[in-house]
Amino acid sequence: MAEASGSSGTYPKKVVYCGVCSLPPEYCEFGGTVKKCEDWLKEHYPKMHALLYSQEAIEQNMSSLSLEAQKRADKDSQKKAAKAASAEAKAQELRATSKIMIKRIERNKRKYVTAVQGLEAFGLDIKKVAKDFGKKFATGSSVTKIPGGGEEITVQGDLSDDILDYITDTYPDVPEDNIECIEDKKKKVAA
Amino acid sequence: MFKKDATPGAKSKVKSSAQRAIRAKVLEEYPKLEPYIEEIMPKKEQLDLVKLPDRVSLYTLNNHPLFFQHMDDSFLPHLTLVHKYPSCFNRLRIDRGAIRFVLSGATLMVPGLTSAGGRLPDDDEDEEGIYGGGEDGMEELEAGTPVVIEAEGKENACFVGVLKMGTEEMKKVRKGQACEAGHYLGDGLWTLNLG
Ligand SMILES: [Zn+2]
């Protein structure tokens with residue numbers, strides 16, 4: 001990879017960035033997603049792929065490291081890859097087992113609020129979703145902390161069904177089975 | 001500086017007087033950008049200021065990051081800008097072994113620059129004279145100077161920061177911290193979602 005030394009006229013230089021890890025592809029080897037990065041590069045920039053992943057390039061990279069440093073590097077990249085894989089598996093499992101709860105709560109006789117919990121497990125930005133709810137349903141929508149950690153969105157009005165529809169339409173990654181609508185009539189005090 | 005993921009804070013328009021001042025400061029710090037400054041920050045276009053955590057201000061044009069500044073420190077270029085105009089900045093090079101440490105947010109250490117694969121100003125092995133300060137890239141750089149760090153065997157830079165130790169001293173002591181915390185490939189500034 002010779003330096004294209006600063007002859008003007010060629011600026012701004014066009015740089016390709018990896019579609020998987022976002023770094024320049026020559027740096028993909030230091031991330032935890034090398035395999036995916038390599039596949040992406042092969043598909044989108046076959047010439048660059050041939051250059052970066054050639055046997056020669058790999059050997060050259062290795063030869064500039066001492067044997068011990070090389071072992072350390074191998075170990076480190078294995079660790080990183082394992083970490084990335086296990087993080088992804090965990091996230092997937094979390095998504096599969098997590099539930100979003102939409103709860104209708106009676107405030108005063110005929111006044112309701114709807115509370116939505118569990119969105120964070122699906123990687124949603126709660127503040128943003130709360131804002132979207134407010135816009136979509138033209139109503140008050142706020143984020144509050146819940147005891148035991150986490151946050152919930154409170155929306156003014158009885159909107160359980162609308163919110164359920166909205167979530168399934170907007171976030172296809174969230175399986176409908178993982179959303180639960182419940183009612184909470186806490187005003188019913190034993191007579 | 002950006003080890004954690006950052007979410008961009010409030011975005012505001014930069015007044016044209018302030019925009020002129022930024023342009024002047026950038027050129028003062030990076031005179032070699034002069035031929036390109038009009039395409040980097042066109043006079044007629046609107047710069048935006050995005051507030052980031054820890055009192056960092058990021059200046060963007062059409063949601064593309066250009067320069068960032070911690071409090072009143074020097075303006076530092078975003079790495080995507082460095083990649084477009086590499087020779088307009090003072091450059092040094094780290095050896096291959098140091099890359100993974102820099103990319104994980106560790107402080108850049110002097111041995112990564114003084115070893116065989118590293119490059120400091122006026123290095124005999126730097127035949128093209130691209131590493132170091134001044135027009136010919138031969139001048140030593142003092143502590144406090146913004147530098148771009150390239151890497152052995154790589155074409156594009158991986159780090160931007162401010163020197164903690166002058167390059168002359170580095171050659172003498174060959175150890176210690178080389179740079180203040182800065183901006184590296186894959187950090188919170190790199191992955192920042194500007195929408
Ligand atoms: Zn990649």
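**View 1. Zinc site of chain A in the predicted model**. The zinc ion takes its protein donors from the SG atoms of Cys18(A), Cys21(A), Cys28(A) and Cys37(A), at distances of 2.2 to 2.3 Å. Along the chain these donors follow the spacing C-x2-C-x6-C-x8-C. The angles subtended at the zinc ion by the 4 donor atoms run from 107 to 113°, so the arrangement is tetrahedral.

**View 2. Cys18(A) and Cys37(A) at the zinc ion**. Cys37(A) belongs to helix 1 (34-44) of chain A, while Cys18(A) sits in the segment before that helix; the pair therefore ties together parts that are 19 residues apart in sequence. Cys18(A) has a relative accessibility of 4% and counts as buried. Cys37(A) is likewise buried, with a relative accessible area of 1%.

**View 3. Confidence along chain A**. The mean pLDDT of chain A is 83, and 88% of the residues score at least 70. Among the elements of chain A, the highest mean pLDDT, 95, belongs to helix 1, and the lowest, 77, to helix 3 (residues 55-63). Helix 1 of chain A is also the element that holds the zinc donor Cys37(A).

**View 4. Low-confidence stretches of chain A**. Over residues 1-8 of chain A the pLDDT stays under 50, and the model has 13 contacts beyond four places in sequence for this stretch. Residues 187-191 of chain A also have pLDDT below 50, with 3 contacts beyond near neighbours in sequence. Where pLDDT is low, the predicted coordinates should not be read in detail.

**View 5. The span of chain A listed as SUI1**. An unreviewed UniProt entry lists residues 100-171 of chain A under "domain: SUI1". In the model this span is 32% helix and 38% strand. The C-alpha atoms at the ends of residues 100-171 of chain A lie 12 Å apart.

**View 6. Two domains of chain B**. Chain B is divided into domain 1, covering residues 11-84, and domain 2, covering residues 89-184. Taken over C-alpha atoms, the centres of the two domains of chain B are separated by 23 Å. Domain 1 of chain B contributes 13 residues to the contact, and domain 2 of chain B contributes 15 residues.

**View 7. The span of chain B listed as PUA**. UniProt, in an unreviewed entry, lists residues 90-186 of chain B for "domain: PUA". Helix makes up 20% of this span and strand 16%. Between the end C-alpha atoms of residues 90-186 of chain B the distance is 21 Å.

Note on methods. Residues are numbered from 1 along each chain as its sequence is written. Chains are lettered from A and ligands numbered from 1 in the order in which they are written. This is a predicted model: local features need pLDDT of at least 70, side-chain atom pairs count only at pLDDT 80 or more; totals for chains, interfaces and linings use all residues. Side-chain values use heavy atoms; hydrogens and water are left out. Donors are N, O and S atoms within 2.8 Å of the metal (3.2 Å for Na, K and Ca); water is not among the atoms, so sites may look incomplete. Four donors count as tetrahedral if all angles lie between 85 and 135 degrees; four count as square planar and six as octahedral if opposite donors are over 155 degrees apart and all others between 65 and 115; anything else is irregular. Helices (H or I, at least four residues) and strands (E, at least two) are DSSP runs, numbered from the N terminus. Buried means under 20% relative accessible area, exposed over 50%, partly exposed in between (1.4 Å probe, protein chains only). UniProt positions are given in the numbering used here, feature names are shortened, and annotations may be inferred rather than shown by experiment. pLDDT is the predictor's confidence in each residue, from 0 to 100. Contact means heavy atoms within 4.5 Å. Domain bounds come from an automatic or database domain assignment.
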